[in-house]
Amino acid sequence: MAKMVSPDAVSTILANPSPDSSSDLPEIIVQVVDLKPTGNRYMFSASDGKMKIKGILQSSLSSEVISGSIQNLGLIRILDYTLNDIPTKNEKYLIVTKCEAVSPALEAEYKAEVKTQENVQENFKNDVKMEETGIVLKPKQEFQTKSAAQIVHEQHGNMAPAARMAMTRRIQPLVSLNPYQGNWTIKVRVTSKGNMRTYKNARGEGCVFNVELTDEDGTQIQATMFNEAARKFFDKFELGKVYYISKGTLRVANKQFKTVQNDYEMTLNENSQVEEASNEEAFIPDTKFNFVPIDELGPYVNGRELVDVIGVVQSVSPTMSIRRKSNNETVPKRDITIADATKKTVVVSLWNDLATNVGQELLDMSDKSPVVAIKSLKVGDFQGVSLSALSKSNIVVNPDLPEAKKLRSWYDSEGKETSLASIGSGMSPSTKNGARSMYSDRVSLLHITSNPSLGEEKPVFFSIKAYISFIKPDQTMWYRACKMCNKKVTDAFGSGYWCEGCQKNDAECSLRYIMALKVSDASGEAWLSAFNEQAEKILGYSADELDKLKSEEGETVYQMKLKEATWVPHLFRVSVAPQEYNSEKRQRITVRAVAPVDYAAESKYLLEEMSKMNISI
């Protein structure tokens, strides 16, 4: 088997770093060595027995490794590749874009006379070639002097239209690109296009927009354009169309902000070239989803990572007008509530066109409980856990997906009769899946109150175990709220209540808690702010019920109900941020989730903490 390895295969690759599809290269068969996964791809070393070169298999070839066709110590025939320079490491990297398995794993790594890659590369750099017969010098090239006008004329005359660009330039797959490459041309389809956004920072004002690009292998990359480039290419890029792109730059993607699975992100400037492939059919390809079950959204709260969800629509609100604090602009908003097979529900806020177009479509068919798949949602902590659409979010109603069919089957057979609970109110203190567990980031009250700088840049989250020591009875315990959007209402002219958010009068309103309470633990005490869902859990009554009890049975009974809630231990998930009050900065500690103490889980937590301190039990 070892004899099937092509002699000097690595030398052949080094001599032809970017072969054309039409080039007549000899057969290249190498042994795969040190095969290991990296993300959704596989790295390896290509060996011909004499030399090795590091390489990577394109993501489309990963299935060949998983199925066992390509094996470590096995042989592959390389049919297409790109050789990239990495100047910082002074080496080359082989990107295999097409290959086929020749042999399963050999008994051992094939060895022959060893040469170093550097020596061979040095030989190829020389213009003098050594042969057995002597030294052969390359003939001197003849140059013809041309005027500047001739050069410009020839350049214009030789410019290829987009339809022929693929023939005049080598099209490189996205997987082969890296920040150290020079000239490259890619052929990609626009699979997502964001809105033009404006920004203002210390360097001034500007505009920016993003597109997501996908090549024929399914590899994706995000491209960003600022200012002149944004204005130049915004109208040129159309969703679903195919383009040839060159003269862009790449950099390592910021993991906090990236929205596609790629280690790099692309920037296009005003000098970048974008040409539509007019002979390609324009269509919007199927959206690729990576669904997160509703009951697993907790770890994503207030994070940078966006999520995809699928659920059955339970309710759709009317369109509301929301005024932005940043620019006082009014934007339309609509909330939909969805549920999935985890028996949890979550509210998804739709904005702008999504609220008025798709939102209206969902409202019209809400009685049929459609299934929706939504891509690229931000997870917030409103009402515990909530989802918000962005300009790049995509909604597919009743998608033709296996997950949608399975969800529809569950809902029709049992889901519609099942009792569903909000993910925000259903957070368990023993949650194992990350950021919102009552046992993650456990601290004492003293840790929070003794650090006034906590949360200056953005709110920080902690878990605490404390006793409620005091609830002030004469505080403003609740506010009058709109039954639709829960925002504060005011007395309307004549009768009823006016909601600024919904822009309408309503005959009735509801009461919602805004309660302050003092809590204590072994280290000290602190004041917390609790809102409606959390206050209801603490008191055991809704604000409407407690208000009715106070008006019918008097102040004494009302105060007794508040006292009954004191000196009871609770687990709290809190956010900490500074707040300015009367020109003085104070800490604001807000209850985000609350749960009774589960003593079995608490004991397990304490035992784990003791084991970390090397205390014998």
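Which residue in S20 stands opposite Val-309? I looked this up in the predicted model and found Ile-374 in that place.

**Entry 1, strand S16.** I went on with the strand pairing around S16, residues 307-316. I find five bridges from S16 to strand S20, residues 371-380, and the two run antiparallel. Strand S18, residues 330-339, is also antiparallel to S16, joined to it by four bridges. In that pairing I see Val-312 opposite Ala-339 of S18. I then checked burial: eight of the ten residues of S16 are buried, so the strand is largely enclosed by the rest of the structure.

**Entry 2, the whole chain.** I took the totals next. I count 13 helices and 31 strands in the protein. The chain has 617 residues, and 42% of them count as buried. I looked at contacts between residues at least 6 apart in sequence, and 63% of these join residues at least 24 apart. The exposed surface comes to about 34600 Å², of which carbon and sulfur atoms supply 49%.

**Entry 3, helix H13.** I checked the length of H13, which has 14 residues, 599-612. At 1.5 Å a residue the helix should span 20 Å, and I find its end C-alpha atoms 20 Å apart, which agrees. I list Ala-601, Glu-602 and Tyr-605 as the buried residues of H13. They cover an arc of only 100 degrees around the axis, which puts them on the same side of the helix. An α-helix has 3.6 residues a turn, so residues three or four places apart point the same way. On the other side of H13 I note Tyr-599 and Ala-600 as exposed. The cover over the buried residues of H13 includes strand S23 (460-470) and strand S30 (569-581). At the N-terminal end I find a cap from Asp-598, with a side-chain oxygen 3.2 Å from the backbone nitrogen of Ala-600.

**Entry 4, Ser-272.** I located Ser-272 in the loop between strand S14 (264-268) and strand S15 (273-276). Is this residue buried or exposed? Its relative accessibility is 4%, and under 20% counts as buried, so I enter Ser-272 as buried. I then looked for polar partners of its side chain. The side chain of Ser-272 reaches the backbone oxygen of Lys-247 at 2.8 Å. A polar atom of the same side chain lies 3.0 Å from the backbone nitrogen of Asn-269. Leaving out residues up to four places away in sequence, I list Lys-232, Phe-233, Ser-246, Lys-247 and Gly-248 as residues that Ser-272 touches. Lys-247 thus enters my notes both as a polar partner and as a contact of Ser-272.

Notes: Residues are numbered from 1 along each chain as its sequence is written. This is a predicted model: local features need pLDDT of at least 70, side-chain atom pairs count only at pLDDT 80 or more; totals for chains, interfaces and linings use all residues. Side-chain values use heavy atoms; hydrogens and water are left out. Buried means under 20% relative accessible area, exposed over 50%, partly exposed in between (1.4 Å probe, protein chains only). Contact means heavy atoms within 4.5 Å. Accessible areas come from the Shrake-Rupley method with a 1.4 Å probe; for residues, only the protein chains shown count as cover. The expected span of a helix is 1.5 Å times one less than its number of residues. The arc is that of the directions from the helix axis to the C-beta atoms. A polar contact is a pair of N or O atoms within 3.5 Å; within protein, one must be able to donate a hydrogen and the other to accept it, and residues adjacent in sequence count only if both atoms are side-chain atoms. Two strands pair if DSSP finds at least two bridges between them.
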